[in-house]
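Work through the exercises below with the sequence and the 3D view open. Each task is followed by a solution in steps.

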Amino acid sequence: MEIQLVKKQLTRTDIASCLAYPTGNLWAFQMVRGRNAINFNARDPTGRVWEFKLCTRNHGRYKKPVIRGDWLDYVDEKGLTVDDFIILTMVEDAENGVSYNIRVEPNLELAL
């Protein structure tokens, strides 16, 4: 079963620094207690695997999760721009466990 974790219209910060990740979907990652980061791999539609790192703040009231790691390389290789949509999904498979997929959808309103 595929579960959509993120469908987000990219901002300048997402393109230049890191991808903001919704706090409400942190449940999808088994972060070790006492740690504020976890590495995970996500496959794009071409089959390439990207190594991302989900990080949260280790102090303060709000976790403010972000995705780093290969994120900026992904942005560069895919030629992402502000207003493109990023979609990150999780697939649960009894045989293979959990895997993640990432894809981009251009903002078709801007293409008109």
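The exercises concern a predicted model, and they go from the core to single residues and then to the empty spaces.

**Exercise 1. The nonpolar core**

Task: Find which residues of the largest nonpolar core touch the most other members, and which elements give two or more residues to this core.

Solution.
Step 1. The largest nonpolar core has 26 residues, and Leu5, Tyr21, Trp71 and Leu88 touch the most other members.
Step 2. Two or more residues of this core come from each of β1 (2–9), β3 (37–43), β4 (49–55), α2 (71–78), β6 (85–93) and β7 (97–105).
Step 3. As background, nonpolar side chains tend to be buried together in soluble globular proteins.

**Exercise 2. Tyr21**

Task: Decide whether Tyr21 is buried or exposed, and list what Tyr21 contacts beyond its neighbours within four places in sequence.

Solution.
Step 1. Locate the residue: Tyr21 sits in the loop between β2 (19–20) and β3.
Step 2. Apply the cut-off: buried means under 20% relative accessible area. Tyr21 has a relative accessibility of 4%, so Tyr21 counts as buried.
Step 3. Collect the contacts. With neighbours within four places left aside, Tyr21 is in contact with Leu5, Val6, Leu26, Ala28, Phe29, Leu54, Pro65, Val66, Ile67 and Leu88. Leu5 and Leu88 are also among the core residues that touch the most other members.
Step 4. Check a separation: Tyr21 and Thr46 are 25 residues apart along the chain, and their C-alpha atoms are separated by 23 Å.

**Exercise 3. Thr23 and Trp27**

Task: Thr23 and Trp27 both lie in the loop between β2 and β3. Classify each by accessibility and give the contacts of each.

Solution.
Step 1. The partly exposed class runs between under 20% and over 50%. Thr23, at 44% relative accessibility, therefore counts as partly exposed. Trp27 has a relative accessible area of 47%, so Trp27 is partly exposed.
Step 2. Not counting residues up to four places away in sequence, Thr23 touches Lys64 and Pro65. On the same basis, Trp27 touches Ile3, Leu5 and Met90.
Step 3. Compare sequence with space. Thr23 and Lys63 are 40 residues apart in sequence but 7.0 Å apart in space, C-alpha to C-alpha. Trp27 and Ala16 are 11 residues apart along the chain, with C-alpha atoms separated by 26 Å.

**Exercise 4. Val75**

Task: Place Val75 in the secondary structure and state whether Val75 is buried or exposed.

Solution.
Step 1. Val75 is in helix α2.
Step 2. The relative accessible area of Val75 is 3%, so Val75 is buried.
Step 3. Leaving aside neighbours within four places in sequence, Val75 is in contact with Asp14, Ile15 and Leu80.
Step 4. The C-alpha atoms of Val75 and Phe52 are separated by 12 Å, with the two positions 23 residues apart along the chain as a sequence separation.

**Exercise 5. Backbone angles**

Task: What is the phi of Lys64, and what is the phi of Asp83?

Solution.
Step 1. Lys64, in the loop between β4 and β5 (66–69), has a positive phi of about 45 degrees although it is not a glycine.
Step 2. Asp83, in the loop between α2 and β6, is not a glycine either and has a positive phi of about 85 degrees.
Step 3. Asp83 has a relative accessible area of 25% and is therefore partly exposed.

**Exercise 6. Cavity and pocket**

Task: Describe the largest cavity and the largest pocket by volume and by lining.

Solution.
Step 1. The count is one cavity of 30 Å³ or more, and the largest cavity has a volume of about 30 Å³.
Step 2. Its lining consists of Leu19, Phe52, Ile67, Trp71, Leu88 and Ile102. By class these are six nonpolar, no polar and no charged residues.
Step 3. The largest pocket holds about 240 Å³ of space. Of its 13 lining residues, Met31, Arg35, Asn36, Thr56 and Lys63 are the closest to its centre.
Step 4. The pocket lining divides into five nonpolar, four polar and four charged residues.

**Exercise 7. An annotated span**

Task: Which residues does the UniProt annotation "domain: TF-B3" cover, and how much of that span is helix and strand?

Solution.
Step 1. According to the unreviewed UniProt entry, the annotation covers residues 40–97.
Step 2. Residues 40–97 are 14% helix and 43% strand, and the end C-alpha atoms of the span lie 13 Å apart.

Note on methods
Residues numbered from 1 in each chain as written. Predicted model: local features only at pLDDT ≥ 70, side-chain atom pairs only at ≥ 80, totals over all residues. Heavy atoms only, no water. 1 Å grid on protein atoms, 1.4 Å probe; cavity = no way out; pocket = protein on both sides within 12 Å on 5 of 7 lines; lining within 4 Å. Points joined across faces, edges and corners; volume = space filled by probe spheres on them. Nonpolar A, V, L, I, M, F, W, Y, C, P; charged D, E, K, R; others polar. UniProt positions renumbered as here; feature names shortened; annotations may be inferred. Helix = DSSP H or I, 4+ residues; strand = E, 2+ residues; numbered from the N terminus. Core = buried A, V, L, I, M, F, W, Y, C linked by side-chain atoms within 4.5 Å. Buried < 20%, exposed > 50% of the residue type's maximum accessible area, 1.4 Å probe, protein only. Contact = heavy atoms within 4.5 Å.
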